[in-house]
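Here are some notes on the model, set out as numbered points for you to follow alongside the coordinates. They begin with the ligand and then turn to charged pairs and cysteines.

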Amino acid sequence: MIPSVLPTYNRAPLEFVKGEGAWLTTADGRRFLDLGSGIAVNALGHAHPALVEALTSQAQALWHVSNLYQIPQQQALADKLVEHTFADTVFFTNSGTEACELAVKMARKYFYEKGQPERVEIITFDGSFHGRSSAGIAAAGSEKMVKGFGPLLPGFVHLAFGDLDGVTNAISDSTAAIMIEPVQGEGGIRVVPDAELKALRRICDEHGLLLILDEVQCGVGRTGKLFAHEWAGITPDVMMVAKGIGGGFPLGAVLATEEAASGMTAGTHGSTYGGNPLGCAVGCAVMDHVADPDFLAEVNRKAGLLRQKLEGLVADHPEVFEEVRGSGLMLGLKCAAANFDVVNAGYANALITVPAADNVIRLLPPLTLTDEDIAEAVSRLDAVATTVRIGNA
Ligand SMILES: *Cc1c(COP(=O)(O)O)cnc(C)c1O
């Protein structure tokens with residue numbers, strides 16, 4: 001008999017009832033160290049007082065009115081995002097998937113309005129993840145996501161990760177945009193080198209294409225900059241954001257330049273919930289912390305500390321871990337053992353990590369984790385390696 005919850009997930013037998021900082025507590029009182037943050041969502045950790053206050057005080061005042069009216073919290077969050085990024089304008093969604101939908105629509109509408117309606121194609125890369133909608137799965141194009149869900153939304157060209165020559169060859173009179181994650185998350189924490197992002201920016205400029213960055217997972221302070229592309233010294237035309245921006249409340253956004261957004265006039269797009277007072281009140285509180293240079297400096301310091309200890313861990317356990325990769329607090333351990341065994345051994349040692357493609361486990365801790373949390377994380381990962389080694393012996 002089918003379970004009452006549609007069984008599209010293989011869930012771990014863990015039930016958390018409370019969170020605080022980087023720690024989660026189960027119903028039977030066990031405390032887990034959370035290096036997953038609900039897949040890079042709880043950027044400020046669990047139950048951060050400022051977020052609890054933002055949400056509860058907004059909840060007492062007003063939950064929802066729809067976008068038929070002015071929403072001051074939405075205005076405030078848009079102003080903050082515009083102030084701190086390349087963007088001139090922002091549309092709010094409830095998820096990364098919806099941000100992908102709009103990014104695709106925006107790119108196509110841009111060329112339509114410019115009198116080039118044939119420019120509809122978007123170049124994407126293997127191993128990418130852009131959400132589970134029809135556009136999202138067509139954009140990523142992996143067999144696992146698209147099989148059985150055809151006919152797919154047309155207009156995506158898939159290239160191998162890092163295939164810059166392929167990009168130039170793939171550009172035609174039908175090309176509208178290039179869409180890429182500066183750091184692939186689901187794909188196994190694969191960092192796009194700065195030089196490559198710079199080259200993509202240059203190619204877009206030469207061919208009049210839009211550069212769409214998917215920073216749903218790598219954005220909002222995760223890599224130690226407010227947005228990951230800042231490391232490469234480039235800016236996109238359109239950027240998808242979600243996950244961390246809501247700190248645990250469902251919130252996403254599409255940020256764009258005035259030029260790229262020029263086709264999106266009144267009536268061309270919408271969302272009932274997108275940009276609601278609750279989500280935007282929380283989003284403002286998240287931005288107030290994460291956009292602070294001192295906060296980002298701390299992320300970078302802690303990332304350096306964690307990475308250094310992880311290098312030692314890998315050196316100590318070559319039969320379990322192959323390498324450390326990633327940027328800031330978006331880290332991956334490429335496993336020599338099966339990554340799912342490592343994640344399960346984490347559960348056995350009260351440690352949460354997240355599996356990804358390419359036999360990687362992801363470490364996406366709250367950006368607020370403490371130095372003590374880092375020491376504890378590495379000590380538990382060391383125990384995890386021993387558990388895996390004994391299990392495989
Ligand atoms: C998670 C993710 C998405 C999809 O976001 P949802 O909120 O799950 O819809 C899109 N792109 C990237 C890079 C992601 O990590």
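1. A polar side-chain atom of glutamine 217 lies 2.7 Å from an oxygen atom of the ligand, and the protein buries 83% of the 380 Å² that the ligand exposes when taken alone. Please keep in mind throughout that this is a predicted model, and that the distances and areas quoted here are to be read as properties of that prediction.

2. Two further polar approaches to the ligand deserve a look in the viewer. An N or O atom in the side chain of threonine 97 is 2.5 Å from an oxygen atom of the ligand, while a nitrogen atom of the ligand is 2.7 Å from an N or O atom in the side chain of aspartate 214.

3. Which residues surround the ligand? The shell is made up of Ser95, Gly96, Thr97, Phe129, His130, Gly131, Glu181, Asp214, Val216, Gln217 and Lys243. Sorted by class, these comprise two nonpolar, six polar and three charged residues.

4. Turning to charged pairs, the count for the model comes to 14 salt bridges. One of the pairs joins arginine 201 to aspartate 205, whose closest N and O atoms are 2.8 Å apart. Both residues belong to helix H8 (residues 194-207), where they sit four residues apart, about one turn of the helix. Are the two partners buried or exposed? Arginine 201 counts as buried because its relative accessibility is 12%, under the 20% cut-off, whereas aspartate 205, at 52% and thus over the 50% cut-off, counts as exposed.

5. A second pair within a helix is formed by arginine 301 and glutamate 298, whose side chains meet in a salt bridge at 2.8 Å, N to O. The two are separated by about one helical turn because they stand three residues apart in helix H10 (residues 293-316). Arginine 301 is partly exposed at 37% relative accessibility, and glutamate 298 is likewise partly exposed, with a relative accessible area of 33%.

6. Arginine 389 and glutamate 319 also form a salt bridge, with their closest N and O atoms 3.2 Å apart. This pair links distant parts of the chain, since arginine 389 lies in helix H12 (residues 371-392) and glutamate 319 in the loop between H10 and strand S13 (321-327), 70 residues away. Arginine 389 is partly exposed, with a relative accessible area of 36%, and glutamate 319 is partly exposed with a value of 36% as well.

7. Beyond these individual pairs, a network of salt bridges links Glu323, Arg325, Lys334 and Asp358, and this group is best inspected with the four side chains displayed together.

8. How many disulfides does the model contain? The count comes to zero. A disulfide is a covalent bond between the sulfur atoms of two cysteines. For cysteine 218, the closest cysteine sulfur is that of cysteine 100, and because the two sulfur atoms are 14 Å apart they are too far from each other for a bond. Cysteine 218 is also buried, with a relative accessible area of 0%, and cysteine 335 is buried too, with a relative accessible area of 2%.

Conventions
Residues numbered from 1 in each chain as written. Predicted model: local features only at pLDDT ≥ 70, side-chain atom pairs only at ≥ 80, totals over all residues. Heavy atoms only, no water. Near = heavy atom within 4 Å. Polar contact = N/O pair within 3.5 Å; in protein donor to acceptor, adjacent residues only side chain to side chain. Areas by Shrake-Rupley, 256 points an atom, 1.4 Å probe, with all protein chains shown as cover. Nonpolar A, V, L, I, M, F, W, Y, C, P; charged D, E, K, R; others polar. Buried < 20%, exposed > 50% of the residue type's maximum accessible area, 1.4 Å probe, protein only. Disulfide = S-S within 2.5 Å.
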